[in-house]
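Welcome, and please open your viewer. We will go from stop to stop, and at each one you will hear what to select and what is there.

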2 protein chains.
Amino acid sequence: MMSITLKKIILASKSIDRSEILKRAGISFEIFITNIDEQKFKASFSDAHELVKKLATAKALLAGNNISINESDKIIIAADTVVEIDGEIIGKAQNKKEAFKILKKLIGRTHKLITGIAITETQNPKIVVDSDITYVEFLRLSDEEIRQYIKTCEWEGRAGAYSISDKASLFINKINGSSSNVIGLPMHKLFEILRKEFKVNLFQFMSHSFNHD
Amino acid sequence: MMSITLKKIILASKSIDRSEILKRAGISFEIFITNIDEQKFKASFSDAHELVKKLATAKALLAGNNISINESDKIIIAADTVVEIDGEIIGKAQNKKEAFKILKKLIGRTHKLITGIAITETQNPKIVVDSDITYVEFLRLSDEEIRQYIKTCEWEGRAGAYSISDKASLFINKINGSSSNVIGLPMHKLFEILRKEFKVNLFQFMSHSFNHD
């Protein structure tokens, strides 16, 4: 077997959805959680793309600063996701009441799901930042159905108070854009940026991971 | 706790992806595998929507006939998925060589992913059949990248030789339509047909499942 030395990937995110999509893509990584005051950022940016790009950048840089550069060269990936409807930027619900209010706004309509992604390396000052947008259409639901969905607690910790891969699949009629972006990590952007800007091909990670299974 | 008597759901499919998406939606079900000569059907239909609807219907009816009607009332769900590109209907690859040929045809372009769904009940002659289409766009890949993807064995048993939820997320640029349809079961159609045509609300199953966790 050919031996390839692969760089280590750090996911600077506590999102279980982002971890899961990276794992399912067969990619090994470690998690590094940063604590950014997201509210402060949210107050400063009215454009959703700008906001998620700034937040992803802040997370990536903070993670980079905190990881010892004495360790081997590491790739750092950070992301931030928001929902936008009627010009309003919507993040995570803080409680069930807020989750109901958000979902009530989204049902029977199309909203924008916007993710910012920032990629850097521990031994390289370069940082590449991009954002992706997916249009998501929800079916109409009754108040009782929204309440039943909220009971499942799937709204917790998720922008827009839903999870497309799980119970919300029942009422997501249609999307236009990347589906991994809706989960919180636009995998095709990650793949393309790493390939083009960092000379890293994720298929090598995949094959490597497979050989060791 | 309110006691609701829920009908049992039977998934007439051996697809692990269909099982997974139903499970992740919090719905309890049993699997019943039918053996249909799919090749015979494929030779008889040149229209992809007609083909997947006929195959889903055949699977649902065969499962219905084989499940004892003496048992409690059961809902039977069956589905069939194909890919269509340049008017050609593409099913599952039989080997790595065929998987390579299929993926080579799909890269850098948009194809149609079409799923037929059939729903019936053991104690009800009614059967409701529908189909759903999603447009899926792949990034360009090199032959070497396709070969590395094939090594992961993800092509096996999947229409079009890829799995959107797993490693193929890296090269799926964009979809237009339902994302659960791409996985092989259009959940929004299932939800709407059951609600409208069978007076069954899947949110009740969900809530029920949650209460027992």
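Through which surface do the copies meet? Colour chain A and chain B separately: 100% of the interface residues of chain B are also interface residues in chain A, so the copies meet through the same surface.

Before going further, a word on what you are seeing: this is a predicted model, in which local features need pLDDT of at least 70 and side-chain atom pairs count only at pLDDT 80 or more, while totals for chains, interfaces and linings use all residues. Residues are numbered from 1 along each chain as its sequence is written, and chains are lettered from A and ligands numbered from 1 in the order in which they are written.

**Stop 1: the contact.** Select the residues where the chains touch (two residues are in contact if their C-beta atoms, placed from the backbone, lie within 7 Å). You should find 34 residues from chain B and 34 residues from chain A. On the side of chain B, S7(B) gives the largest share, six residues. Helices and strands here are DSSP runs, numbered from the N terminus (helices are H or I, at least four residues; strands are E, at least two).

**Stop 2: strand meets strand.** Now select residues 172-177 in chain A, which form strand S7. Three bridges join this strand to S7(B), and the two run antiparallel. (Strands pair if DSSP finds at least two bridges between them.) Click on A:Ile175 and look across to its bridge partner in S7(B), B:Gly177.

**Stop 3: the axis.** A rotation of 180° with 0.0 Å of shift along its axis superposes chain B on chain A, with an RMSD of 0.0 Å. The two copies are thus related as by a two-fold rotation axis. The superposition is by least squares on the C-alpha atoms of residues with pLDDT of at least 70 in both copies. To find the axis, select B:Asn176: of the residues of chain B, its C-alpha comes closest, at 2.2 Å.

**Stop 4: a covered strand.** Move to residues 110-121 of chain B, strand S5, where nine of the twelve residues are buried. (Buried means that 20 or more other C-beta atoms lie within 10 Å of a residue's own, exposed 12 or fewer, and partly exposed in between; C-beta atoms are placed from the backbone.) S5(B) pairs in the antiparallel sense with strand S3 (residues 74-85) of chain B over ten bridges, and with strand S6 (residues 124-138) of chain B over twelve bridges, also antiparallel. A hairpin of two residues joins S5(B) to S6(B).
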